Amino acid sequence: MLFLPGNTPNMLINGDTLGADTAIFDLEDAVSPDEKDAARILVRNALKYQDFSGCEVVVRINPTDTEFWKKDLDAVIPLKPDMIMPTKVSGGGMIREVSAYIGQVEERSGIEKGSVKILPLIETALGVEKAFDIASSDGRVAGLFLGGEDFTADMHCKRTKEGQEIFYARTRLVCAARACGIEAYDTPFTDVEDMEGLRTDTEFAKSLGFAGKAVISPRHVDIVNEVFSPTEAEIEYAHDVMDAIEEGKRQGKGVISLRGKMIDAPIVKRARQVLEMEQAIYGGGCR
Amino acid sequence: MKILKNAVAGTLESSDLFIQIEPDDTELVLEIDSVVANQYMDAIRGAVLETLKEFDVSTGKIFIKDKGALDCVIRARMETALKRGGVEKE
């Protein structure tokens with residue numbers, strides 16, 4: 001998931017060619033207050049005239065305690081971005097407020113109600129504590145997204161590369177998201193030059209259960225994609241698991257084993273997830 | 001509609017353009033300086049004039065320095081400049 005500053009045409013118009021699965025057009029922090037109007041119009045036009053069919057499009061809007069967020073939604077909802085990212089979300093009420101307004105704009109624009117999903121950006125201590133409330137607040141919520149920089153500022157602690165200070169927030173978000181059957185996405189690694197640090201941080205995020213990770217530089221896209229994509233061995237094993245299950249069914253076996261290990265429900269579930277990713281990334285057929 | 005006050009929009013970065021507009025009650029002055037003038041001057045001029053028409057603006061001074069902006073960027077920056085200059089779509 002690549003953040004792109006909303007008022008920078010050079011990056012915006014190439015949003016779908018930089019390798020990320022998702023382009024996040026940023027109308028918030030990347031845009032100074034006196035350029036909010038310009039960025040809003042530019043992002044709207046980019047969505048209107050450019051073809052972003054190669055990637056998912058998310059628009060990060062301004063916080064609900066500013067004068068900008070409704071204008072942001074008025075401009076972009078008629079162009080049907082995949083998701084809206086409200087910022088500094090600290091409870092389900094904020095999501096319901098944003099969702100209700102999205103619904104009004106959808107209705108006004110003649111697009112199907114509920115088409116645009118919400119990806120809340122959780123970046124405050126209160127937001128982390130209310131992660132489940134946020135995740136379960138509205139049918140539009142498609143995932144939870146952790147913002148580590150603002151979160152650590154709110155926690156009065158220093159943001160480090162090791163990330164101990166956001167460990168609790170990470171696990172809490174993943175758990176809340178999974179409990180609601182949605183995805184969780186990790187905060188960006190902000191040192192653009194440190195590729196090893198990025199890999200370590202991304203591998204750790206994956207190990208916690210995150211489905212993806214945001215990046216602030218196109219240079220980080222490849223490593224994050226690589227870490228979050230299943231390996232050839234994982235894909236091969238997932239196919240073997242599903243084959244063994246089918247074979248077991250044919251033979252009427254109750255207990256099935258593969259390579260000397262019993263295949264239980266969690267192993268099948270994980271194999272299905274790997275095959276779903278194989279389908280999403282490679283269109284299947286890697287075997 | 002008329003341009004009511006001086007306004008600017010855009011930047012001089014690559015793929016962008018910088019627009020300055022000023023009120024003028026009598027005529028339309030349009031000056032475009034573009035790094036891709038040889039290939040795309042007609043298209044740039046067309047996008048600017050169409051945006052002016054959309055906002056029903058027929059007079060004013062418009063100065064543009066283009067750094068290779070796409071059509072959708074030209075239209076966005078024109079709209080921003082016009083709105084900042086006091087022009088609203090009816």
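**A friendly note on chain B and a few cysteines**

1. Of the 90 residues in chain B, 47% count as buried. Please keep in mind as you read that this is a predicted model.

2. Let us begin with the fold. Chain B holds two helices and four strands. If you follow the sequence from start to end, these elements come in the pattern β-β-β-α-β-α, so you can tick them off one by one as you trace the chain in the viewer.

3. Next comes the overall size. The radius of gyration of chain B is 12 Å, which agrees with the value near 12 Å that a compact globule of 90 residues would have. Along the principal axes, the C-alpha atoms of this chain fill a box of roughly 30 × 20 × 20 Å.

4. How do distant parts of the sequence meet? Look at the contacts in chain B with a separation of 6 or more: 76% of them join residues 24 or more positions apart.

5. The surface deserves a look too. Chain B exposes about 4600 Å², and carbon and sulfur atoms supply 48% of that area. As for charge, chain B carries 12 positive and 17 negative side chains. The centres of these two sets lie 3 Å apart.

6. One residue makes a good place to zoom in: Ile32(B), found in strand 3, which covers residues 28–34 of chain B. Is Ile32(B) buried or exposed? Its relative accessibility is 15%, and because buried means under 20%, Ile32(B) counts as buried.

7. Which residues does Ile32(B) touch, not counting those up to four places away in sequence? The answer is Met41(B), Ile44(B), Arg45(B) and Ile64(B). For Glu13(B), 19 residues from Ile32(B) along the chain, the two C-alpha atoms are separated by 16 Å.

8. Finally, the cysteines. A disulfide is a covalent bond between the sulfur atoms of two cysteines. How many disulfides does a search of the whole structure find? The result is zero over all chains. Cys180(A), for one, is in no disulfide: its nearest cysteine sulfur belongs to Cys175(A) and is 9.6 Å away, whereas a disulfide needs the sulfur atoms within 2.5 Å.

9. Two cysteines of chain A can also be placed by their accessibility. Cys180(A) has 25% relative accessibility and so counts as partly exposed. Cys157(A), at 30%, counts as partly exposed as well.

Technical notes
Residues are numbered from 1 along each chain as its sequence is written. Chains are lettered from A and ligands numbered from 1 in the order in which they are written. This is a predicted model: local features need pLDDT of at least 70, side-chain atom pairs count only at pLDDT 80 or more; totals for chains, interfaces and linings use all residues. Side-chain values use heavy atoms; hydrogens and water are left out. The radius of gyration is taken over C-alpha atoms; the globule rule is 2.2 Å times the number of residues to the power 0.38. Buried means under 20% relative accessible area, exposed over 50%, partly exposed in between (1.4 Å probe, protein chains only). Contact means heavy atoms within 4.5 Å. Accessible areas come from the Shrake-Rupley method with a 1.4 Å probe; for residues, only the protein chains shown count as cover. Lys and Arg count as positive and Asp and Glu as negative; His and the chain ends are not counted. The place of a charge is taken as NZ of Lys, CZ of Arg, CG of Asp or CD of Glu.
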